[in-house]
Amino acid sequence: MATQLCWCGGALAPSVHPEYGTCSVCGTLVLQRLPESGELKGYYGIDAYWRGEVVNVSGYPSIDERARRDFGDRIPVWWRILKRYSNSTHSLLEIACSHGGFLAYAREQGVNEVVGIEVDEGTCRFAMEHFNLPHVAPGLFPDVSLPRTCFDAIVGFDVFEHFRDPEAAAKALERLLAPGGLILLQTPCYRGEDKAWEQFRPAEHLFLFNEENIRQLMARAGLEVTATFDGMFPDDMYVVCRRASELSRSARMLDQLRAITPLRRKATKAERRAAAARKG
Ligand SMILES: [Zn+2]
């Protein structure tokens, strides 16, 4: 078997975790043995992953429970961040939309066209039925068939670290971005933790980035990271990207200013009440 290299082509040196290498060029942490696409497809099934692995191994609620609970914390926060960077989103693509709750929320807030992607057909069906969503496309991004060629906003929460080929994913994001569009990601940020770090999950986290090397990766795809800031969960960062060729100095500065303006990290009482009243 060929020795695994980083997305940047750099060789891997030992890292603090035995199953990951550190890129000697850019510092990305790379799983030493990347799974094949077929393995990944099998792994992310609705029962195997969303009702199995997630609950039994990671200790999180199942997709059924999350389809209700996420409205009480992350969904309104994600929406507030998206709105801060893009107040005219008419079309929205969410990669790895899981139960589809964020797309449903965005539609309620006035986004006309919402499209999701999930690996497994069963999960796509769950999202479409549960929230009456028109399009949730199955497949491993970017190998999916979508009803539109471009989107005003593309979001991916907790997905970029799962991609087998992050450079291909970044290039696909750029292709799918409408003029003036926005990409918003939430992904773990490696800040020098030891091998006990919770984000070392060799079954699913294939590449672990920091603020600098994700910037380098996006640049290869013609995207510019205009802002990074701490996530609502301590291990994560948010990453805002736009098409590099479209950016003016003032647009870049505006994103940087937005990133340092405090955001309410938790859902408001009203949002939590609304979530509790929701018959998910
Ligand atoms: Zn590298």
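# Exercises on a predicted fold

Just after helix α5, glycine 110 takes a positive phi of about 110°. The model is predicted: local features need pLDDT of at least 70 and side-chain atom pairs count only at pLDDT 80 or more, while totals for chains, interfaces and linings use all residues. Residues are numbered from 1 along each chain as its sequence is written. Helices (H or I, at least four residues) and strands (E, at least two) are DSSP runs, numbered from the N terminus.

## Exercise 1: the whole chain

Find out how many helices and strands the protein chain has, and how its radius of gyration fits the globule rule.

*Step 1.* Start by counting: the protein chain has ten helices and eleven strands.

*Step 2.* Now the radius of gyration, which is taken over C-alpha atoms; the globule rule is 2.2 Å times the number of residues to the power 0.38. The protein chain comes out at 18 Å, close to the 19 Å the rule gives for 280 residues, so it is as compact as a globular protein of that length.

*Step 3.* Along its principal axes, the C-alpha trace spans about 50 × 45 × 35 Å.

*Step 4.* Next, burial. A residue is buried if 20 or more other C-beta atoms lie within 10 Å of its own, exposed if 12 or fewer, and partly exposed in between, with C-beta atoms placed from the backbone. By that rule, 40% of the 280 residues count as buried.

## Exercise 2: helix α5

Why is helix α5 (residues 101-108) largely enclosed by the rest of the structure?

*Step 1.* Six of its eight residues are buried, so the rest of the structure largely encloses α5.

*Step 2.* Want to look them up? They are Gly101, Phe102, Leu103, Ala104, Tyr105 and Ala106.

*Step 3.* See what surrounds them, using contacts (two residues are in contact if their C-beta atoms, placed from the backbone, lie within 7 Å). The buried residues of α5 pack against α3 (63-69), α4 (74-85), β4 (91-95), β5 (113-118) and α6 (121-131).

*Step 4.* Zoom in on α4. Axes here are lines fitted to C-alpha atoms, for helices over the stretch in contact, and angles run from 0 to 180 degrees between N-to-C directions. The axes of α4 and α5 come within 10 Å and cross at roughly 55°. That makes α4 oblique to α5; angles under 35 degrees count as roughly parallel, over 145 as roughly antiparallel, 65 to 115 as roughly perpendicular and the rest as oblique. Ile75, Trp78 and Trp79 of α4 make the contact with Gly101, Phe102, Tyr105 and Ala106 of α5.

## Exercise 3: the loop before α5

Decide whether alanine 96 and serine 98 are buried or partly exposed.

*Step 1.* Place them: alanine 96 lies in the loop between β4 and α5, and serine 98 is found in the loop between β4 and α5 too.

*Step 2.* Count neighbours. Alanine 96 has 19 other C-beta atoms within 10 Å, so it is partly exposed. Serine 98 has 25 C-beta neighbours inside 10 Å and therefore counts as buried.

*Step 3.* Check the backbone as well. Phi is near 65° for alanine 96, a positive value in a residue other than glycine. For serine 98, also not a glycine, phi is positive again, near 50°.

## Exercise 4: the seven-strand sheet

In what order do the seven strands of the open sheet stand, and which ones are at the edges?

*Step 1.* Two strands pair if DSSP finds at least two bridges between them. The order is β6-β5-β4-β7-β8-β11-β10, and the pairing is mixed.

*Step 2.* β6 and β10 stand at the edges with a single partner strand each, so one side of each has no neighbour in the sheet. Direction ignored, neighbouring strands are turned by 20° against each other on average.

*Step 3.* Try a parallel pair: β4 and β7 are joined by three bridges, with isoleucine 154 in β7 as the bridge partner of leucine 93.

*Step 4.* Then an antiparallel one: seven bridges join β10 (residues 223-230) to β11 (residues 236-243). These two strands form a hairpin with five residues between them, and threonine 228 stands opposite valine 239 in β11.

## Exercise 5: a cis peptide bond

Where does proline 142 sit, and what is special about the bond leading to it?

*Step 1.* Proline 142 is in the loop between β6 (135-138) and β7 (151-157).

*Step 2.* The peptide bond from phenylalanine 141 to proline 142 is cis, with omega near 5°.
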